[in-house]
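Colleague: I would like to learn how to read a few features of a model. Could we take them one by one?

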Amino acid sequence: MIRLAIKSLMNRRASVLLTVIAIAVSVTLLLAVERVREQVQSHFANTVSGTDLIIGARTGQTQLLLSSVFHIGSMTNNMSWESFEDIRERPEVSWAIPMSLGDSVQGLPVVATTNAYFEYFKYGNKQALEFSQGSAFASDEEVVLGADAAEKLSKTMGDDIIIAHGSGGISFSEHDQHPLTVTGVLQRTGTPVDQAVFVTLHSLEMIHSGEHEHSGHDHHNEAPADSISAALLGLKAKPLALRLQRQINTYEKEPLTALLPGMTLQELWKTLRVFEQALTAISAMVVLIGLLGMLTIMLASLRERRREMAVLRAVGAGPGTIFGLLLSEALLLTVVGAFSGLLLLYGLQWSLAGVIQSQTGLILSTTWPGASEWWRMALVIIVGFMLSLIPAWRAYRQSLADGLTVKI
């Protein structure tokens, strides 16, 4: 039966090819939505690890998380350095990483921080940052690049970099009076760290104030910054996080916000769930349209195949054979289309991986299909099989009469 179905399909190559392409494209879209959703969630979850609290000026928790960790958006207010030091000195705090944001280099975010960032920041499964070249800051005239930033800027050890005021690809003015020298390049992490340009807090203060570093000027007794955008905190014991969060959110000296990264990410996904469901529904409708196209082609071809069915009946094929032939053809079309869609997904992912990473910083890993993807493909095949019952039943009932009746 399968061999007969294959020969029958080969006699209608053009319509069959168009049907397979329509199903493949729709299945690719359906699987792509699921794969991007899973990998984006995994990417976000792996971006920061081991950080117990993120603090900043009073703002929404999602905005604080996106700007401080993912470099998306910007902070409208800063927290004072005095407040940061007060919180850092609390007995439950093990380490603290201050950060100032808002500047850029050719659209790449500038993160002003201290060497504590390279010592304590973790990603993935509590993986530490490592240098592929050079080392952390030794002076305020140095800059450290993420792996992608070094490639995009075409900078290597010893090159100069000019920082511009403004973020998100919009630079208002370049601080060309204060060039910085590249002294370190981080290994690739697959997180927004790869896209960042790191400078010292005091360096950024000097750039904005117009001050020039000169020999003999000692900054050791000065605060590295008047204010900062945010800070990452690591605690000596995780159960202390909720209590400290409550204390910071009710801080008396100035209005501050403290968030738990894991809980805020969960809230973010809940907020975006309606959009995920909408994308899934749209892709499912596209798949259904592709399968309905297959059904339409099969129904339209029945009139042209009246004599083919009659000949099969005449040589001994029963109604069940005709019914099975139509089912086999539809099943072959759906299976080939579904697996072609999977192959197309891998092809697009492989060919567009560099573009996606450079534009979004997201690394889409080429993994074996997960259980949810297999279930979606199985559902497509089942729906295609069920739709094929319509032309198969019609051929079963009418094949002999349609083929032998001569209309004058």
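Colleague: Which residue in E16 is the bridge partner of Gly 56?

Modeller: Keep in mind that this is a predicted model. The partner of Gly 56 is Ala 230. That bridge belongs to the pairing of strand E1 (residues 53–57) with strand E16 (residues 230–235), which is antiparallel and has four bridges.

Colleague: In what order do the strands of the open sheet run?

Modeller: A sheet is read strand by strand, from one edge to the other. Here four strands, paired antiparallel, give the order E3-E16-E1-E17. E3 and strand E17 (256–259) are the edges, each with pairing on one side only. Direction ignored, neighbouring strands are turned by 20 degrees against each other on average.

Colleague: Which helix packs on the sheet, and which strands does it touch?

Modeller: Helix H8 (residues 241–249) packs there and touches E1, E3, E16 and E17. The direction of H8 makes about 165 degrees with that of E17.

Colleague: Where is Ser 100 found, and is Ser 100 buried or exposed?

Modeller: Position in the chain and burial are read separately. Ser 100 sits in the loop between strand E3 (93–99) and strand E4 (103–105). Ser 100 counts as buried because its relative accessible area is 9%, and the cut-off for buried is under 20%. Outside its neighbours within four places in sequence, Ser 100 has contacts that include Val 110, Ala 112, Leu 201, Ser 227 and Ser 229. Thr 113 is 13 residues from Ser 100 in sequence, with 6.6 Å between the two C-alpha atoms.

Colleague: What does the side chain of Thr 264 make a polar contact with?

Modeller: With the side chain of Gln 61, at 3.5 Å. Thr 264 lies in helix H9 (residues 261–304). Thr 264 is classed as buried because its relative accessibility is 1%. Residues up to four places away in sequence aside, Thr 264 touches Gln 61, Thr 62, Leu 65 and Leu 259.

Colleague: Which residues of the largest nonpolar core touch the most other members?

Modeller: The general idea is that in soluble globular proteins nonpolar side chains tend to be buried together. In this model the largest nonpolar core has 39 residues, and Leu 145, Val 197, Leu 233 and Ile 248 touch the most other members. Not counting neighbours within four places in sequence, Val 197 is in contact with residues including Val 105, Leu 108, Val 143, Leu 145 and Leu 153. There is also a second, separate core of 32 residues, with Ile 54, Ile 97, Val 111 and Val 144 among them.

Note on methods. Residues are numbered from 1 along each chain as its sequence is written. This is a predicted model: local features need pLDDT of at least 70, side-chain atom pairs count only at pLDDT 80 or more; totals for chains, interfaces and linings use all residues. Side-chain values use heavy atoms; hydrogens and water are left out. A nonpolar core is a set of buried Ala, Val, Leu, Ile, Met, Phe, Trp, Tyr and Cys residues joined through side-chain atoms within 4.5 Å. Buried means under 20% relative accessible area, exposed over 50%, partly exposed in between (1.4 Å probe, protein chains only). Contact means heavy atoms within 4.5 Å. Helices (H or I, at least four residues) and strands (E, at least two) are DSSP runs, numbered from the N terminus. Two strands pair if DSSP finds at least two bridges between them. Axes are lines fitted to C-alpha atoms, for helices over the stretch in contact, and angles run from 0 to 180 degrees between N-to-C directions. A polar contact is a pair of N or O atoms within 3.5 Å; within protein, one must be able to donate a hydrogen and the other to accept it, and residues adjacent in sequence count only if both atoms are side-chain atoms.
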